[in-house]
Amino acid sequence: MEPTTDRLKTPRAAGMAGVAFALLLGAAIVLMRISIPGDAADATIDQDRRWAVQLALQIVPFAGIFFLWFMGALRAHTGEAEDRFIATVFLGSGFVFVAALFAAAAAAGTVLNEETPSDFGRHYAYTLLATYAMRMAAVFVLATSMIGRTLGVFPRPLAMLGTLVGLILIVVGSGVPWSELLFPAWALVISLYILRVRRTAAPTDRSGAP
């Protein structure tokens, strides 16, 4: 009975952490996008935009924490059946994503001390977020989808959706503004699916318990 109960709690933890991560990262991306102009034509930051940058910087650390929890819970859910090669890519891309996300937030924070953001600081923040962080996110999505498809954790349409999102993120990169929102949107879909599966599995376990 105890292993079964722990098995059910892990997907629930993964789902709750994933929902929190998706909402926080989505909010941080939106705030950073509207606060720091992407081109030199609109380089000034008014007080409202400075407030939005400060809020985004407060959100990012919590998004990173929930993402690490999300990673750990997903890996615990797959157990010993996971492929070590794919698991290494899964972990490596996740850790690099968090590091690049924190670096992008730190770079965006330097803009707060400038009335007119320099091209270097602005492009540096966007490059870290839209190019490096999102491409690592793409690898994470592809690895997670491959694990889910191989082990049967995710249904085929959900695994295909993840593959499509990963390919778009890794190919598009920073070429399409706001494309970074695909990653938190995917995490939200995965998390809601995990929570739904947990709700349907829990009554079955209680009814079939000796």
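Okay, one bit of vocabulary before we start: a residue is called buried when its relative accessible area is under 20%, exposed when that is over 50%, and partly exposed in between. Also keep in mind that what we're looking at is a predicted model.

So, let's begin with W178. The relative accessibility of W178 is 37%, so this residue counts as partly exposed. Where does W178 sit? You'll find W178 in the loop that joins α5, residues 156-172, to α6, residues 182-207. And W178 has company: together with V30 and I34, W178 makes a nonpolar patch of about 250 Å² on the surface.

Let me zoom out for a second. The chain has six helices and zero strands, so going from the N terminus you simply read α-α-α-α-α-α. There are 210 residues, and 45% of them count as buried. The accessible surface is about 10600 Å², with 66% of that belonging to carbon and sulfur atoms. Now, take the contacts with a separation of 6 or more: 83% of those are between residues 24 or more positions apart.

Here's a nice place to see the inside: G64, in helix α2, which covers residues 47-78. G64 has a relative accessible area of just 2%, so we call G64 buried. Which residues does G64 touch, leaving out anything up to four places away in sequence? Those are V98 and F102. Then there's F21, which is 43 residues from G64 along the chain, yet their C-alpha atoms are separated by 7.3 Å.

Next up, the aromatics. Searching the whole structure turns up 13 aromatic pairs. One of them is F67 with F183, an edge-to-face pair at 6.1 Å centre to centre, with 70° between the planes. That pair links distant parts of the chain, since F67 is in helix α2 and F183 is in helix α6, 116 residues apart. Both F67 and F183 are buried.

Another pair is F154 with Y193. Their planes are at 75° and their ring centres 6.3 Å apart, so this one is edge-to-face too. F154 lies in the loop between α4, residues 119-151, and α5, while Y193 is in helix α6, 39 residues away. Buried or exposed, what do we call Y193 at 19% relative accessibility? Well, Y193 counts as buried, because the cut-off is under 20%. F154 is buried as well, with a relative accessible area of 7%.

Last thing: F67 and F183 belong to one aromatic cluster, along with F21, F90, F97, F140 and W186. That's my tour, thanks!

Conventions
Residues numbered from 1 in each chain as written. Predicted model: local features only at pLDDT ≥ 70, side-chain atom pairs only at ≥ 80, totals over all residues. Heavy atoms only, no water. Patch = residues over 30% accessible without salt bridge, like charges linked within 9 Å, V, L, I, M, F, W, Y side chains within 5 Å. Areas by Shrake-Rupley, 256 points an atom, 1.4 Å probe, with all protein chains shown as cover. Salt bridge = Lys/Arg side-chain N within 4 Å of Asp/Glu carboxyl O. Helix = DSSP H or I, 4+ residues; strand = E, 2+ residues; numbered from the N terminus. Buried < 20%, exposed > 50% of the residue type's maximum accessible area, 1.4 Å probe, protein only. Contact = heavy atoms within 4.5 Å. Phe/Tyr/Trp six-rings, centres within 6.5 Å; stacked < 30°, edge-to-face > 60°.
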